[in-house]
Each structure stands twice: as structure tokens, then as C-alpha cells.
Amino acid sequence: MENDKIAKIIPFYGGTRPDLFEIERRCMDRDGKVIQFLESNVPNGIVLDVGAGNGYTAEKLLTESRLVIPMEPDEKMIDQSKQLIWSNGVAQSIPFHSNTFDGMYSTWAFFFDGISDIDEGLKEIERVVKNTGRIIIVDNYGNDEFCSFAPQDISSSVAAWVERGFDYEIIDTEFVFDTVEEARKLLTFYFGEQGQNVSKTRLEYKVVAYSKTLTKG
Ligand SMILES: C[S@@+](CC[C@H](N)C(=O)[O-])C[C@H]1O[C@@H](n2cnc3c(N)ncnc32)[C@H](O)[C@@H]1O
């Protein structure tokens with residue numbers, strides 16, 4: 001059973017390179033536009049954060065009327081110092097009963113074209129979220145300065161999400177690094193040699209948020 005779960009985890013660098021993940025989380029969306037979008041669109045009640053990483057977003061969205069449960073499969077990512085109720089699990093097999101949550105969101109986790117079976121994860125989300133609950137998936141929109149450094153296309157497929165019945169909104173945000181060296185360090189790690197070409201601290205970054213209100217038959 002445990003081996004089955006491990007096989008379903010998409011490898012992520014954050015647990016073994018916390019120094020780089022610290023740069024990513026501090027500099028990506030520095031002005032908090034994605035957080036503002038989620039703050040306004042994630043429902044109150046009990047909400048699941050799928051692939052929560054170190055709990056950065058969950059901690060920000062937690063309020064008196066919204067209990068966010070971060071679910072993360074990589075023990076090395078889980079930050080126990082944050083005042084959060086952690087759950088360890090994968091999108092394809094969520095360790096909660098059906099109809100537990102008023103909503104769910106996921107930021108840059110699991111729901112990636114070509115890397116994961118998005119529909120297998122969505123089926124689980126639809127099981128654990130209540131009827132009329134809201135589902136929000138955040139990913140790269142592409143067509144921006146940040147993605148232009150990637151040797152391959154790292155944008156998500158809007159058409160495929162619309163086909164699944166999701167609306168979408170584009171959030172114009174930025175990576176804001178403290179120094180050019182810091183920008184080069186992260187982008188070289190992500191993209192290889194092309195990352196060396198970064199010569200400024202602010203990079204335009206477009207994010208897409210897919211939303212759907214669940215209607216169960
Ligand atoms: C790019 S990070 C994003 C973390 C966090 N959502 C954020 O915005 O900072 C992707 C996360 O998804 C987790 N992950 C990997 N495989 C997963 C799976 N099958 N189901 C859910 N989460 C998964 C990784 O361990 C990692 O923490």
C-alpha cells in the first residue's frame with residue numbers, strides 16, 4: 001500500500017533543495033496576486049489543498065471561517081512548524097471520506113499536462129468535495145517572460161480544462177528576485193543553460209486559475 005502511494009508521487013526538488021525552494025516561494029508572485037485571487041475565490045468551510053508543499057498557501061488562506069487542510073505526499077516538504085493540520089496523501093487516492101470538503105484548490109501541483117493522470121486526480125477531488133463545492137487549480141499560463149527561458153513548453157492546456165467544464169482567469173504576476181544572481185541560480189536550476197541568460201530581477205509571469213463549481217448528479 002505504502003509503495004503504491006510512493007509510485008504515485010511526482011518527484012519534486014523542494015525536499016532535497018530547501019535553499020532553492022525558499023527562493024522560489026519568496027520570489028514567485030511576490031506581490032501576492034495569486035493569494036489574493038484564492039482569498040476571494042476559495043470558499044469558507046473545510047477546504048483541501050492538494051500538493052500543499054510546505055504549507056505556504058494554506059497558512060495564508062486559513063481564517064476563522066475557513067479551515068484549510070494541506071495534503072502533501074513528500075514528508076520532507078511538510079513544515080510541522082506551521083500551525084496547520086497536515087495530511088499525507090496523493091491526489092490519485094485522497095485519504096478522506098466522500099463529501100468531506102466545501103472546496104479544494106491546488107497550486108502548481110499534480111495537475112500537470114503529460115506528467116500526471118489529471119483525470120484520475122479530478123475523480124478523487126470530485127469524490128471528496130461536496131455537491132456545489134468549488135474546485136480551483138492554479139498553473140502556468142505561459143506566453144510570458146518567465147516561461148520564455150524554458151527549453152520546453154511548460155504552459156498548461158487551457159483548451160483541455162475548458163473541455164472539462166472549468167472557467168479560467170489569467171493572473172498577471174511577477175517573479176521578483178532580490179538580485180540577478182538569485183534569479184540566475186533558480187532559473188539555471190529549472191531550465192539549464194538558458195537560465196544563465198537572465199539579466200534582471202523582475203520577470204513577467206502569467207498564471208492561470210481554473211475554477212469549477214461541482215454539480216453531482
Ligand atoms: C511545485 S510543488 C507546489 C507546492 C505548493 N502547492 C506551492 O504552491 O508552493 C508540487 C508539490 O506537489 C507534491 N506532489 C507530488 N506528487 C503529488 C501527487 N501525486 N499528489 C499530490 N501532490 C503531489 C510535491 O511533493 C510538491 O510538494
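**Close-up 1. N99 sits in the loop between β2 (66–71) and β3 (101–107).** This is a predicted model, and the view picks out one residue of that loop for its backbone. N99 has a positive phi of about 55°, although it is not a glycine. As for its surroundings, N99 counts as partly exposed, at 41% relative accessibility.

**Close-up 2. T132 in strand β4 also has a positive phi.** Strand β4 covers residues 129–140, and T132 lies in it. The phi of T132 is near 70°, and the residue is something other than glycine. With a relative accessibility of 58%, T132 counts as exposed.

**Close-up 3. F96 and F101 make an edge-to-face ring pair.** The ring centres of F96 and F101 are 5.0 Å apart, and the planes meet at 80°. Planes over 60 degrees apart count as edge-to-face, so the pair of F96 and F101 goes under that heading. The two partners sit in their surroundings as follows: F101 counts as buried at 1% relative accessibility, whereas F96 is partly exposed with a relative accessible area of 26%.

**Close-up 4. Y13 and F189 pair up across the chain.** A search of the whole structure turns up 18 aromatic pairs, and here is one of them: Y13 and F189, edge-to-face, at 4.8 Å centre to centre with 65° between the planes. The pair links distant parts of the chain, with the two residues 176 apart in sequence. Y13 belongs to the loop between α1 (2–7) and α2 (18–27), while F189 belongs to helix α8 (residues 180–191). Y13 counts as buried, at 14% relative accessibility; F189 is partly exposed, with a relative accessible area of 35%. Zoom out a little and both rings turn out to be members of a cluster linked by ring pairs. The full membership is F12, Y13, F21, W108, F146, F175, F177, F189, Y190, F191 and Y205.

**Close-up 5. Helix α2 and its buried residues.** The buried residues of α2 are L20, F21, I23, E24, R25 and C27. They pack against α4 (56–61), β5 (167–176) and α8. F21 is worth picking out, as it also belongs to the ring cluster of the previous view. R25, for its part, lies over the face of Y56, at 3.8 Å from the ring centre. Just after α2 comes D29, which takes a positive phi of about 55°.

**Close-up 6. R164 lies over the face of W161.** This is another arginine and ring to look at: R164 is placed 4.7 Å from the ring centre of W161.

**Close-up 7. The ligand and the residues around it.** In all, 21 residues surround the ligand, and the closest are K8, R25, G51, E72 and T107. R25 is the arginine that lies over the face of Y56. Two backbone atoms deserve a look: a polar backbone atom of G51 is 2.7 Å from a nitrogen atom of the ligand, and a polar backbone atom of I10 is 2.8 Å from a nitrogen atom of the ligand. From a side chain, an N or O atom of Q92 is 3.0 Å from a ligand nitrogen. On its own the ligand has 600 Å² of accessible area, and the protein covers 96% of that.

**Close-up 8. D167 in strand β5.** D167 is exposed, with a relative accessible area of 54%. Setting aside neighbours within four places in sequence, D167 is in contact with A209, Y210 and S211. For a sense of scale, take E182: D167 and E182 are 15 residues apart in sequence and 35 Å apart in space, C-alpha to C-alpha.

**Close-up 9. I170, also placed in strand β5.** I170 is partly exposed, with a relative accessible area of 35%. Leaving out neighbours within four places in sequence, its contacts are Y141, K206 and V207. The C-alpha atoms of I170 and D139 are 9.9 Å apart, and the two residues are 31 apart in sequence. The strand that holds I170, β5, is also one of the elements that the buried residues of α2 pack against.

Note on methods. Residues are numbered from 1 along each chain as its sequence is written. Side-chain values use heavy atoms; hydrogens and water are left out. Rings of Phe, Tyr and Trp (its six-membered ring) pair if their centres lie within 6.5 Å; planes under 30 degrees apart count as stacked, over 60 as edge-to-face and the rest as tilted. Helices (H or I, at least four residues) and strands (E, at least two) are DSSP runs, numbered from the N terminus. Buried means under 20% relative accessible area, exposed over 50%, partly exposed in between (1.4 Å probe, protein chains only). A charge sits over a ring if NZ of Lys or CZ of Arg is within 6 Å of the ring centre and within 35 degrees of the ring normal. Contact means heavy atoms within 4.5 Å. A residue is near a molecule or strand if one of its heavy atoms lies within 4 Å of it. A polar contact is a pair of N or O atoms within 3.5 Å; within protein, one must be able to donate a hydrogen and the other to accept it, and residues adjacent in sequence count only if both atoms are side-chain atoms. Accessible areas come from the Shrake-Rupley method with a 1.4 Å probe; for residues, only the protein chains shown count as cover.
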